[in-house]
Amino acid sequence: MAALQSVVGVLQAESVPNDGKGSTSLSPYFAPMKEVVIGGLATLIVFGLLYKLAWPAIAKGMKDRTARIQADLDESAAARAKAEADAAQIRTNLGDVEGERTRLFAEADQQAAALLEDGRARLAAEVAELEAKAEADIAAAAGRGADDLRADIARFSSQAIESAVTTSLDDATQQELIEGFISRVGAQS
């Protein structure tokens with residue numbers, strides 16, 4: 001009750017007592033009523049303006065934030081589901097990789113064996129061809145050598161005969177041999 005009387009006393013007082021340090025209220029516990037009323041009204045006006053002007057923007061920002069967070073959660077859930085599906089697919093394919101690897105190695109071994117066999121056959125054919133060519137070259141060289149030897153023998157014997165005939169024949173006998181040769185050649189044509 002005493003507090004109520006002090007509030008009524010403050011409202012009725014025309015001036016607030018001054019202790020030399022500034023204004024003071026009559027009660028050590030309560031502010032002057034005039035200040036409480038003005039402060040309360042100012043607070044209500046500020047809160048009213050905030051509610052009227054700022055609250056729609058704040059509410060919209062909160063809704064947008066909520067929607068953005070939900071979209072991020074949905075996106076992460078979809079990414080996780082996709083990652084789990086990809087992991088399952090990889091695990092499934094891993095079994096297929098070993099079978100595929102075995103098949104590829106077997107196929108590579110078959111191709112290598114076929115290439116090796118083909119290479120051996122071509123090499124044997126080339127060796128046979130080279131041997132035949134070498135034998136033909138040897139035979140041709142031997143034939144050329146024998147022909148060259150015959151030609152050399154014929155040339156040397158012709159020179160030897162000519163030199164022997166030239167030294168053993170006199171001019172009359174030589175003239176007679178030439179004329180006999182010419183008459184034989186003329187008789188044949």
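**Notebook: a helical model, starting from Met62**

I began with Met62, which I found in helix α2, the element spanning residues 33-168. I note at once that this is a predicted model, and that every value below was computed from it.

I then asked how much of Met62 is open to the surroundings: is Met62 buried, partly exposed or exposed? Its relative accessibility is 49%, so Met62 counts as partly exposed, because the exposed class takes only values over 50%. I also looked for its partners at the surface, and Met62 turned out to belong to a nonpolar patch together with Tyr51, Trp55 and Ile58. The four residues of this patch have about 490 Å² of accessible area together.

**Overall layout**

I stepped back to the whole chain and counted three helices and zero strands, so that reading from the N terminus the order is α-α-α. Of the 189 residues in the protein, buried ones make up 2%. The protein exposes about 16400 Å², and I recorded that carbon and sulfur atoms supply 63% of that area.

**Confidence**

Before going into side chains I checked pLDDT, and the protein averages 81, with 84% of the residues scoring at least 70. Which element has the lowest mean pLDDT, and which the highest? Among the elements, helix α1 (residues 2-12) has the lowest mean, 55, whereas α2 has the highest, 87. I wrote a reminder to myself that where pLDDT is low, the predicted coordinates should not be read in detail.

**Salt bridges**

I searched the whole structure for salt bridges and got seven. The general idea I kept in mind is that side chains of opposite charge can pair when their charged atoms come close. I looked at three of these bridges in turn.

The side chains of Asp64 and Lys60 meet in one salt bridge, at 3.1 Å from N to O. Why are Asp64 and Lys60 separated by about one helical turn? They are four residues apart in helix α2, and this spacing is the reason for that separation. Asp64 has a relative accessibility of 38% and so counts as partly exposed, while Lys60, at 53%, counts as exposed.

Next I took Arg103 and Glu107, whose side chains meet in a salt bridge with an N to O distance of 3.0 Å. Arg103 and Glu107 are likewise placed four residues apart in helix α2, and therefore about one helical turn separates them. I noted Arg103 as partly exposed, at 40% relative accessibility, and Glu107 as partly exposed too, with a relative accessible area of 34%.

The third bridge I checked joins Arg150 to Asp147, and the closest N and O atoms of this pair are 3.0 Å apart. Both residues lie in helix α2, but here the spacing is three residues, which is again about one turn of the helix. Arg150 counts as exposed at 56% relative accessibility, whereas Asp147, at 45%, counts as partly exposed.

**Rings**

Lastly I looked at aromatic side chains. How many aromatic pairs does a search of the whole structure find? The search returned zero aromatic pairs. A ring did appear in another kind of contact, though: the charged end of Arg155 sits over the ring of Phe156, at 4.7 Å from the centre of that ring.

Terms used: Residues are numbered from 1 along each chain as its sequence is written. This is a predicted model: local features need pLDDT of at least 70, side-chain atom pairs count only at pLDDT 80 or more; totals for chains, interfaces and linings use all residues. Side-chain values use heavy atoms; hydrogens and water are left out. Helices (H or I, at least four residues) and strands (E, at least two) are DSSP runs, numbered from the N terminus. Buried means under 20% relative accessible area, exposed over 50%, partly exposed in between (1.4 Å probe, protein chains only). Accessible areas come from the Shrake-Rupley method with a 1.4 Å probe; for residues, only the protein chains shown count as cover. Patches are made of residues with over 30% relative accessible area and no salt bridge: like charges are joined within 9 Å, nonpolar side chains (Val, Leu, Ile, Met, Phe, Trp, Tyr) within 5 Å. Rings of Phe, Tyr and Trp (its six-membered ring) pair if their centres lie within 6.5 Å; planes under 30 degrees apart count as stacked, over 60 as edge-to-face and the rest as tilted. A charge sits over a ring if NZ of Lys or CZ of Arg is within 6 Å of the ring centre and within 35 degrees of the ring normal. pLDDT is the predictor's confidence in each residue, from 0 to 100.
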